[in-house]
Amino acid sequence: MTNPLKQIHLAAHFPGVNNTTVWSDPAAGSHIEFSSFAHFARTAERAKFDFLFLAEGLRLREQGGKIYDLDVVGRPDTFTVLAALAAVTDRLGLTGTINSTFNEPYEVARQFASLDHLSGGRAAWNVVTSWDAFTGENFRRGGFLPQDERYSRAKEFLATAHELFDSWRGDEILADQATGTFLSDAKAGAFVHQGQQFDIHGRFNAPRSPQGRPVIFQAGDSEEGREFAASSADAIFSRYATLKEGQAFYTDVKGRLAKYGRRPDQLLILPAATVVLGDTDEEAADLAREVRRQQVSGATAIKHLEFVWNRDLSAYDPEGPLPDIDPVVSEDHISRGRAQVRMYRDPIAIAREWRELAAANNWSIRELVINTGNRQTFVGSPATVARTINDFVQADASDGFILVPHITPGGLDGFADKVVPLLQEQGVFRADYEGATLRDHLGLAHPDAATTAERAAS
Ligand SMILES: Cc1cc2nc3c(=O)[nH]c(=O)nc-3n(C[C@H](O)[C@H](O)[C@H](O)COP(=O)(O)O)c2cc1C
């Protein structure tokens with residue numbers, strides 16, 4: 001009898017530029033040494049995870065000229081890290097976030113094709129448009145494109161990259177490639193692309209890679225972002241990890257697939273999730289409260305409030321009451337274009353609500369931020385966490401989760417040792433890898449599968 005339950009997909013997010021990391025824990029290690037990446041990747045592979053995930057942040061975060069007090073110390077380049085990890089793992093997928101706003105298709109396509117070759121078919125590309133005006137200042141374009149143009153560039157960028165991946169596709173070319181030496185076909189790698197964003201032609205010099213094309217992820221959340229995912233992505237990295245929000249997002253995005261001629265199983269929904277484990281549910285709840293306190297320093301709490309108030313609040317005491325002045329409502333924002341801005345569409349109303357909450361609970365600024373901000377997604381004993389994750393996936397709140405630990409590099413160890421075996425016992429998570437490529441792990445067809453089937457039919 002076939003298992004009627006959905007299989008869960010799990011991935012490991014190496015924490016990047018954020019204030020998730022709990023530095024005060026004695027186990028917190030380097031975010032830049034290779035040994036941290038290697039430990040993290042090996043743990044994910046030992047636990048039979050689908051892939052490791054790297055987000056992208058191309059500039060240290062700052063506000064009012066000051067670097068965030070709890071951010072990690074910088075972040076090495078994605079391709080360099082993933083290529084090094086390919087050498088110390090065998091099966092684990094390797095997903096890199098690379099934006100389409102400040103890069104060029106030839107370069108990015110070549111990097112992903114190379115990673116797919118070197119890893120034996122384990123590469124994935126999370127195509128983001130990047131929300132950060134600030135990031136743009138690092139690049140010659142400056143600033144960032146308006147949202148609709150960012151997505152039209154992203155679409156054309158991805159289509160162009162596909163033309164490049166597919167430029168080594170003919171039977172004779174593949175036969176040459178299989179022998180690995182002499183290139184007899186004059187068409188190999190030839191491409192011409194003329195469009196609004198890119199006008200390029202030439203020869204692509206990375207041969208067809210094991211997966212044909214890397215697996216494509218998408219992360220934007222707007223109308224345009226969701227349509228882009230529905231038309232072109234194999235998976236979405238989302239922020240909706242609660243049951244209700246997850247189900248709403250899942251229904252919305254999967255509902256968009258039919259008009260592109262796609263089936264619901266051709267786009268996986270994988271929210272970011274955090275986990276706090278304890279021997280008992282009570283112990284885990286205590287630990288989760290402690291983790292949250294450590295994630296929100298006084299300085300972090302003031303920064304958080306400044307997003308809403310849109311003004312310098314550095315003179316306020318984080319252990320004191322909320323400001324009684326109102327937020328400044330302006331297009332010109334203190335955070336200079338970052339995503340949080342759009343989360344707070346009506347700052348005056350939010351400030352009023354927060355003041356009321358703080359007054360009712362006798363909360364300081366810091367306590368308000370601790371109690372209203374990001375909570376841990378899964379908190380409990382291994383049995384509780386395994387059951388909740390499975391319940392969420394079976395209830396179509398997601399197809400799995402991308403776990404973001406608060407400790408690097410050992411933050412996945414407990415999950416690998418205690419939660420994964422329970423999911424395996426329930427028959428909802430693989431006991432071992434069944435295929436070699438990331439497409440195999442995710443149940444996604446090879447882009448040439450249709451062609452092969454068509455050939456067989458004819
Ligand atoms: C869950 C999630 C993760 C994201 N991760 C990144 C990232 O790592 N790097 C980046 O530059 N942008 C990231 N983005 C931003 C997107 O690329 C996009 O620019 C932004 O969300 C604005 O597009 P939207 O209006 O469609 O959401 C992320 C967005 C979401 C929702």
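Two strands are said to pair if DSSP finds at least two bridges between them. By that rule, strand 10 (residues 235–238) and strand 11 pair in the parallel sense, over four bridges. The model is a predicted one. The points below cover strand 11 and its partners, helix 2, the ligand surroundings, and two single residues, histidine 31 and isoleucine 200.

**Strand 11 and its partners**

- Strand 11 spans residues 268–273, and five of its six residues are buried, which leaves the strand mostly covered.
- In the pairing with strand 10, isoleucine 236 stands opposite isoleucine 269 of strand 11.
- Between strand 10 and strand 11 the chain passes through helix 8 (residues 243–254), and the resulting β-α-β crossover is right-handed.
- Strand 11 is also joined to strand 14 (residues 400–403) by two bridges, and these strands run parallel.
- Here alanine 273 stands opposite leucine 403 of strand 14.

**Helix 2**

- Helix 2 covers residues 78–88, and its buried residues are Thr78, Phe79, Val81, Leu82, Leu85 and Ala86.
- These buried residues lie on the same side of helix 2, because they cover an arc of only 160° around the axis.
- An α-helix has 3.6 residues a turn, so residues three or four places apart point the same way.
- The exposed residues Thr80 and Ala87 are carried on the face of helix 2 turned away from the buried side.
- The packing partners of the buried residues of helix 2 are helix 1 (34–46), strand 2 (51–54), strand 5 (93–99) and helix 3 (105–118).
- The N-terminal end of helix 2 is capped by aspartate 77, with a side-chain oxygen 3.3 Å from the backbone nitrogen of phenylalanine 79.

**Ligand surroundings**

- The ligand is surrounded by 19 residues, of which the closest are Glu56, Thr129, Tyr151, Asp221 and Ser222.
- Glutamate 56 places a polar backbone atom 2.8 Å from a nitrogen atom of the ligand.
- Serine 130 has a polar backbone atom 3.0 Å from an oxygen atom of the ligand.
- With serine 222 the side chain is involved: an N or O atom in that side chain is 2.5 Å from an oxygen atom of the ligand.

**Histidine 31**

- Histidine 31 sits in the loop between strand 1 (9–13) and helix 1.
- Its relative accessible area is 5%, so histidine 31 counts as buried, the cut-off being under 20%.
- The side chain of histidine 31 makes a polar contact of 3.3 Å with the side chain of threonine 21.
- A polar contact of 3.2 Å links the side chain of histidine 31 to the side chain of threonine 408.
- Leaving aside neighbours within four places in sequence, the contacts of histidine 31 are Phe14, Pro15, Thr21, Trp23, Phe37, Val72, Pro76 and Thr408.

**Isoleucine 200**

- Isoleucine 200 belongs to strand 8 (residues 199–203).
- With a relative accessibility of 22%, isoleucine 200 is classed as partly exposed, because buried requires under 20% and exposed requires over 50%.
- Leaving aside neighbours within four places in sequence, isoleucine 200 is in contact with Thr160, Phe191, Val192 and His193.
- Isoleucine 200 and proline 105 are 95 residues apart along the chain, and their C-alpha atoms are separated by 9.6 Å.

How values were computed:
Residues numbered from 1 in each chain as written. Predicted model: local features only at pLDDT ≥ 70, side-chain atom pairs only at ≥ 80, totals over all residues. Heavy atoms only, no water. Buried < 20%, exposed > 50% of the residue type's maximum accessible area, 1.4 Å probe, protein only. Right-handed = clockwise from strand over helix to strand, strands pointing away. Arc of directions from axis to C-beta. Contact = heavy atoms within 4.5 Å. Polar contact = N/O pair within 3.5 Å; in protein donor to acceptor, adjacent residues only side chain to side chain. Near = heavy atom within 4 Å.
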